[in-house]
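Visitor: I would like a close look at a single part of this model, taken slowly and with the reasoning spelled out. Please start from one side chain and work outwards.

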Amino acid sequence: MDEAEQDRAFAEAIDRFGPALARMARGYEADPDLRRDLEQDVQVALWQSFAHFDGRCALSTWVWRVAHNRATSHMLAHRRRNAPGWASLDDIEIADAAPSPFDAAESGQAMALVLSIVERLDPPDRQILLLYLEGVAGAEIAAITGVTADIAATRIHRFKSMLTRRFAREGGCA
C-alpha cells in the first residue's frame, strides 16, 4: 500500500471508528491525560499498520485488533509502573457503596460502574467486553482477540450475569 492509500485507509478508519476508539480508550485508561496519549498512540499505530493492511480481513477487524493491541501494551506498561491489582471476571465483587442502579442509570453512573468493572479486568477479558460493548459480533471478537467464539460468548455471558445480579440486588431491573 502506498502512502496515499495508507492515508485514505486511515481517514476512513477514523471516520468510521473514531468515537468508538475514544470509548475503547476510556475502557483502558481512566486518567484523562493518559487517555489522550493512548488515543494518539492508537491513531499512530493505525496509520503505521495500514502500510501492511492487505484486505484479507474486514477493516473493522483490522482496526479493533490494532487498537486493542496498542491499548493492551499501554495498560501493561502502566501496570509495570504502578502494579494495579487486576482480577479475573470470576473474582470481581462490586463494592456495596456503589450507587443504586436506578440513580446510576439516570445520572450516567451506570456506564461508569460498568467501566470501573472493565478497568479491573485482565487484558483478554477487557478486550472481549469492550468489543462487546461496542456491538462487535462474537465471531469478529474471536477473530480480533484470538480466542474461540465459545470462549468469547462465555466471557460475555458471565459479564452480563454479573451485571444482572448486581442490578437485580439493587432493585434496578429484574
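Guide: This is a predicted model, and a good place to begin is Phe-17, which has a relative accessibility of 9% and therefore counts as buried, the cut-off being under 20%. Trp-64 is likewise buried, with a relative accessible area of 3%.

The structure holds 3 aromatic pairs, and Phe-17 and Trp-64 make up one of them: their ring centres lie 6.1 Å apart and their planes meet at 70°, so the pair is classed as edge-to-face, a term that applies to planes over 60 degrees apart. Because Phe-17 belongs to helix α1 (residues 3–28) while Trp-64 belongs to helix α3 (residues 59–82), this pair ties together parts that are 47 residues apart in sequence. Elsewhere, Phe-50, Phe-53 and Trp-62 form one aromatic cluster.

Turning to helix α2, which covers residues 32–49, its 18 residues should span 26 Å at 1.5 Å a residue, and the C-alpha atoms at its ends are 25 Å apart, in agreement with that expectation. The buried residues of α2 are Arg-35, Leu-38, Val-42, Ala-45, Leu-46 and Ser-49; viewed down the axis of α2, these buried residues fall within an arc of 100°, so they line one face of the helix. At the start of α2, finally, the backbone nitrogen of Asp-33 has a side-chain oxygen of Asp-31 within 3.0 Å.

Key: Residues are numbered from 1 along each chain as its sequence is written. This is a predicted model: local features need pLDDT of at least 70, side-chain atom pairs count only at pLDDT 80 or more; totals for chains, interfaces and linings use all residues. Side-chain values use heavy atoms; hydrogens and water are left out. Helices (H or I, at least four residues) and strands (E, at least two) are DSSP runs, numbered from the N terminus. The expected span of a helix is 1.5 Å times one less than its number of residues. Buried means under 20% relative accessible area, exposed over 50%, partly exposed in between (1.4 Å probe, protein chains only). The arc is that of the directions from the helix axis to the C-beta atoms. A polar contact is a pair of N or O atoms within 3.5 Å; within protein, one must be able to donate a hydrogen and the other to accept it, and residues adjacent in sequence count only if both atoms are side-chain atoms. Rings of Phe, Tyr and Trp (its six-membered ring) pair if their centres lie within 6.5 Å; planes under 30 degrees apart count as stacked, over 60 as edge-to-face and the rest as tilted.
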